[in-house]
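Reader: I would like a close look at one ring and the charge beside it, followed by a careful account of what else can be said about the model around it. Please give the cut-offs behind each term as you go.

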Amino acid sequence: DAKPVWSDEYSLYLFDKKMKKMIGKYAYDAKDSSRPFFLYYAVGNTHYPLQAPEDVLGALAHGKDAQSRSFQKIPSYNRQVFAAMTYLVDEAVKNLTYTLEETNMLDDTFYIVASDNGGNPLETCGASNYPLRGMKGYFWEGGLRVNALLRSKLIPEHVRGTTYGGIFSV
């Protein structure tokens with residue numbers, strides 16, 4: 001809707017609940033292709049302002065797994081928060097994948113994970129485009145060149161696992 005949502009809950013958690021609800025509502029048997037489903041799941045986590053739930057920051061800062069140990073090596077607090085926000089994007093993609101799997105939609109789904117621009121490496125923003133020059137809002141590669149991934153069992157096998165270095169627009 002066009003109505004603002006006021007909540008103390010972390011926005012990604014709200015989006016995650018809504019995503020699960022929408023997929024559950026439109027889940028269909030893989031044999032019924034007459035009900036296509038489209039979901040634009042825009043996660044704004046890796047944008048300013050830097051905000052991550054305290055429990056996630058604490059778990060990453062004090063955990064004992066490999067992910068947490070590498071997180072502890074980040075000297076800047078803002079970069080740690082940005083890393084936590086990025087970690088939560090990974091969790092959102094994992095939740096999306098599990099939800100599609102649980103509803104028997106995964107095999108018939110094509111999804112794209114992409115960014116709209118490079119990060120803002122200012123200290124208050126926490127991103128890094130190294131080794132590329134430039135940042136969000138600039139026409140250097142650091143402002144425009146981003147990673148993306150496509151996932152689907154519908155992609156021909158000879159193309160799976162390959163990379164594409166050309167121009168790609170979302």
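Which residue lies over the face of Trp 140, and at what distance from the ring centre?

Author: The residue is Arg 133, which lies over the face of Trp 140 at 3.3 Å from the ring centre; a charge is said to sit over a ring if NZ of Lys or CZ of Arg is within 6 Å of the ring centre and within 35 degrees of the ring normal. This is a predicted model, in which local features need pLDDT of at least 70 and side-chain atom pairs count only at pLDDT 80 or more, while totals for chains, interfaces and linings use all residues. Residues are numbered from 1 along each chain as its sequence is written, and side-chain values use heavy atoms, with hydrogens and water left out.

A frame for the other details comes from the fold. The protein has 5 helices and 2 strands, where helices (H or I, at least four residues) and strands (E, at least two) are DSSP runs numbered from the N terminus, and along the sequence they follow the pattern α-α-α-α-β-α-β. The C-alpha trace spans about 50 × 40 × 40 Å along its principal axes. Of the 170 residues, 26% are buried, a word that here means under 20% relative accessible area, with exposed meaning over 50% and partly exposed what falls in between (1.4 Å probe, protein chains only). If a contact is taken as heavy atoms within 4.5 Å, then 60% of the contacts between residues at least 6 apart in sequence join residues at least 24 apart.

In the loop between β1 (111–114) and α5 (141–144) lies Pro 131, and the peptide bond that leads to Pro 131 from Tyr 130 is cis, with omega near 10 degrees. A second cis peptide bond joins Tyr 48 and Pro 49, with omega about 5 degrees, and Pro 49 belongs to the loop between α1 and α2. Most residues other than glycine have a negative phi, and most peptide bonds are trans. Asn 104, in the loop between α4 and β1, has a positive phi of about 60 degrees although it is not a glycine, and its relative accessible area of 57% makes Asn 104 exposed.

Two further residues can be placed in the loop that holds Pro 49. Asn 45 sits in the loop between α1 and α2 and is counted as buried because its relative accessibility is 4%; leaving aside residues up to four places away in sequence, Asn 45 touches Tyr 10, Leu 12, Met 85, Leu 88 and Val 89. Val 43 is found in the loop between α1 (11–26) and α2, where its relative accessibility of 26% makes it partly exposed. With the same exclusion of residues up to four places away, Val 43 touches Leu 12 and Val 89, and its C-alpha lies 7.8 Å from that of Phe 15, although the two are 28 residues apart in sequence.

Tyr 10, one of the residues touched by Asn 45, also takes part in a ring pair. Rings of Phe, Tyr and Trp (its six-membered ring) pair if their centres lie within 6.5 Å, and planes under 30 degrees apart count as stacked, over 60 as edge-to-face and the rest as tilted. By this rule there is 1 aromatic pair: Tyr 10 and Tyr 13 meet edge-to-face, 5.5 Å centre to centre and with 65 degrees between the planes. Tyr 10 is buried at 15% relative accessibility, whereas Tyr 13 is partly exposed at 29%.

Two packed helices are described by the angle between their axes and the distance between the axes. Helix α2 (residues 54–62) and helix α4 (residues 77–102) pack at about 105 degrees with their axes 10 Å apart, the axes being lines fitted to C-alpha atoms over the stretch in contact and the angles running from 0 to 180 degrees between N-to-C directions. The two helices α2 and α4 are therefore roughly perpendicular, since angles of 65 to 115 degrees earn that name, while those under 35 count as roughly parallel, over 145 as roughly antiparallel and the rest as oblique. Val 56, Leu 57 and Leu 60 of α2 make the contact with Tyr 77, Gln 80, Val 81, Ala 84, Tyr 87 and Leu 88 of α4.

Finally, Ile 112 is in strand β1 and is partly exposed at 43% relative accessibility. Apart from residues up to four places away in sequence, Ile 112 touches Leu 149 and Leu 150.
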